[in-house]
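Open the model in your viewer and keep the selection panel at hand. The tour goes from a helix pair to single residues.

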Amino acid sequence: MAEITKNSIIGDILDEYPDTAPLFLEIGMHCLGCPASRGESIEQACMVHGTDADSLVEKINSMIGA
């Protein structure tokens, strides 16, 4: 998978990099297994959970070495 962006789909990220799950849990996204959340982009999820998408993207890319 290429570098993660705000448009990346959460389910795709979790499939490729399951170790990133705690980063999503930190923003209050506790329903990682439900179809709706897995189909959301990072930007969409961050809007719903009131957090900064750029910050989350940076953390994920740092974790995966992108």
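## A helix pair, then two residues

Select H4 and helix H5 (residues 53-64): the two pack at an angle of about 125 degrees, and their axes lie 9 Å apart. This is a predicted model. Angles of 65 to 115 degrees would count as roughly perpendicular and those over 145 as roughly antiparallel; H4 and H5 are therefore oblique to each other. Their crossing is right-handed.

Next, show side chains at the contact. From H4, pick Ile42, Glu43 and Cys46. They meet Ala53, Leu56, Val57 and Ile60 of H5. Colour these by class: six residues are nonpolar, one is charged and none is polar.

Stay on H4, which covers residues 42-49, and select His49. Is His49 buried or exposed? Neither: its relative accessibility is 32%, so His49 counts as partly exposed. Now display what surrounds it. Beyond its neighbours within four places in sequence, His49 is in contact with Ile27, Gly28 and Met29. Add Glu26 and draw a C-alpha to C-alpha distance: His49 and Glu26 are 10 Å apart in space, with their positions 23 residues apart in sequence.

Last stop: Thr20. Find it in the loop that links helix H1 (10-16) to helix H2 (21-26). Thr20 counts as buried because its relative accessibility is 0%. Which residues does Thr20 contact, leaving aside its neighbours within four places in sequence? Select Ile13, Leu14, Ile60, Met63 and Ile64 to see them. Ile60 has already appeared on this tour, on the H5 side of the contact with H4.

Technical notes
Residues are numbered from 1 along each chain as its sequence is written. This is a predicted model: local features need pLDDT of at least 70, side-chain atom pairs count only at pLDDT 80 or more; totals for chains, interfaces and linings use all residues. Side-chain values use heavy atoms; hydrogens and water are left out. Helices (H or I, at least four residues) and strands (E, at least two) are DSSP runs, numbered from the N terminus. Buried means under 20% relative accessible area, exposed over 50%, partly exposed in between (1.4 Å probe, protein chains only). Contact means heavy atoms within 4.5 Å. Axes are lines fitted to C-alpha atoms, for helices over the stretch in contact, and angles run from 0 to 180 degrees between N-to-C directions. Angles under 35 degrees count as roughly parallel, over 145 as roughly antiparallel, 65 to 115 as roughly perpendicular and the rest as oblique. A crossing is left-handed if the near helix is turned anticlockwise from the far one by less than a right angle, and right-handed if clockwise. Ala, Val, Leu, Ile, Met, Phe, Trp, Tyr, Cys and Pro count as nonpolar, Asp, Glu, Lys and Arg as charged, and the others, Gly among them, as polar.
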